[in-house]
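Visitor: I have a few short questions about this entry. Please show me the structure before we start.

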Amino acid sequence: MDLLPELLGRRARRALSNEALDRAVVSRLLKAATLAPSCFNNQPWRILAVERSQEGPEYRSLAESLTTANAWALEAPLLLVFATAAHLDCRLDSGRDYAYFDLGQAAMALQLQAQREGLYAHPMAGFSPSKLKSALKIPPELVPLCLIAVGKPGDPEKLAEGPRKSEFSPRSRKALGEVAFSGDFSTPWA
Ligand SMILES: Cc1cc2nc3c(=O)[nH]c(=O)nc-3n(C[C@H](O)[C@H](O)[C@H](O)COP(=O)(O)O)c2cc1C
């Protein structure tokens with residue numbers, strides 16, 4: 001059986017158009033995120049959508065929180081904050097806190113829906129959480145773990161040199177046998 005085209009086609013691209021997205025599209029992306037599975041159906045994801053078109057202080061705060069390496073994301077018509085906290089989901093023995101796992105599942109569901117919609121959705125850890133927290137009224141107990149920049153495909157020629165170089169770089173992945181095993185962890189998947 002073939003792999004899903006959305007999985008194969010998705011890339012963390014940086015050449016985003018600044019064209020605004022329809023609210024219905026954004027709603028579908030958010031809905032897709034909430035269809036992710038979660039431990040005990042706790043649904044620990046909290047997602048804040050900040051649209052560039054609002055031109056409000058929120059988008060500016062998000063922009064200022066980005067690292068300089070993520071300046072390309074300032075074109076994005078939509079920036080999403082994915083946040084959670086351990087107490088919002090199962091906390092089981094041996095350090096099994098599922099909130100972060102389930103937040104990741106929601107983020108992936110959103111990225112696949114974005115791919116399906118012909119959009120780029122690029123996750124980012126390169127930002128300052130402290131700059132975000134007060135400006136966006138993020139409840140103190142939540143950890144803003146990941147931003148996702150979303151937009152229609154833009155012009156890669158407008159990217160700065162670094163991001164332009166990586167825009168069409170081939171996908172790089174470890175060999176399956178380095179990360180998947182058969183029976184026990186001493187036998188790489190072959
Ligand atoms: C949690 C997370 C944080 C990331 N942070 C950044 C970031 O701050 N800046 C960036 O340009 N890319 C970031 N990326 C994108 C990754 O570099 C990218 O997903 C990875 O190189 C694999 O490439 P692919 O998504 O195109 O397959 C991040 C991805 C994830 C999942």
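Visitor: Which residues surround the ligand?
Guide: This is a predicted model. The ligand's surroundings include Arg 11, Ala 12, Asn 70 and Pro 123. The rest of the shell is Met 124, Ala 125, Gly 126, Cys 146 and Arg 171.

Visitor: How do the residues of that shell divide into nonpolar, polar and charged?
Guide: Gly counts as polar here. The shell around the ligand then splits into five nonpolar, two polar and two charged residues.

Visitor: Are H2 and H4 oblique or roughly perpendicular to each other?
Guide: H2 spans residues 23-34 and H4 spans residues 99-116. Their axes lie 7 Å apart, at an angle of about 140°. Roughly perpendicular covers 65 to 115 degrees, and roughly antiparallel starts over 145. The two helices are therefore oblique.

Visitor: Is the crossing of H2 and H4 left-handed or right-handed, and which residues of H4 make the contact?
Guide: The crossing of H2 and H4 is right-handed. H2 contributes Arg 28, Leu 29, Ala 32, Ala 33 and Thr 34. From H4 come Ala 106, Ala 107, Ala 109, Leu 110, Gln 113 and Ala 114.

Visitor: How much of residues 8-152 is strand?
Guide: UniProt lists this stretch as "domain: Nitroreductase", in an unreviewed entry. Its end C-alpha atoms are 18 Å apart. Helix makes up 33%, and strand 21%.

Key: Residues numbered from 1 in each chain as written. Predicted model: local features only at pLDDT ≥ 70, side-chain atom pairs only at ≥ 80, totals over all residues. Near = placed C-beta within 6 Å. Axes fitted to C-alpha atoms, helices over the stretch in contact; angles between N-to-C directions. Helix = DSSP H or I, 4+ residues; strand = E, 2+ residues; numbered from the N terminus. Parallel < 35°, antiparallel > 145°, perpendicular 65-115°, else oblique. Left-handed = near helix turned anticlockwise from the far one by under 90°. Contact = placed C-beta atoms within 7 Å. UniProt positions renumbered as here; feature names shortened; annotations may be inferred.
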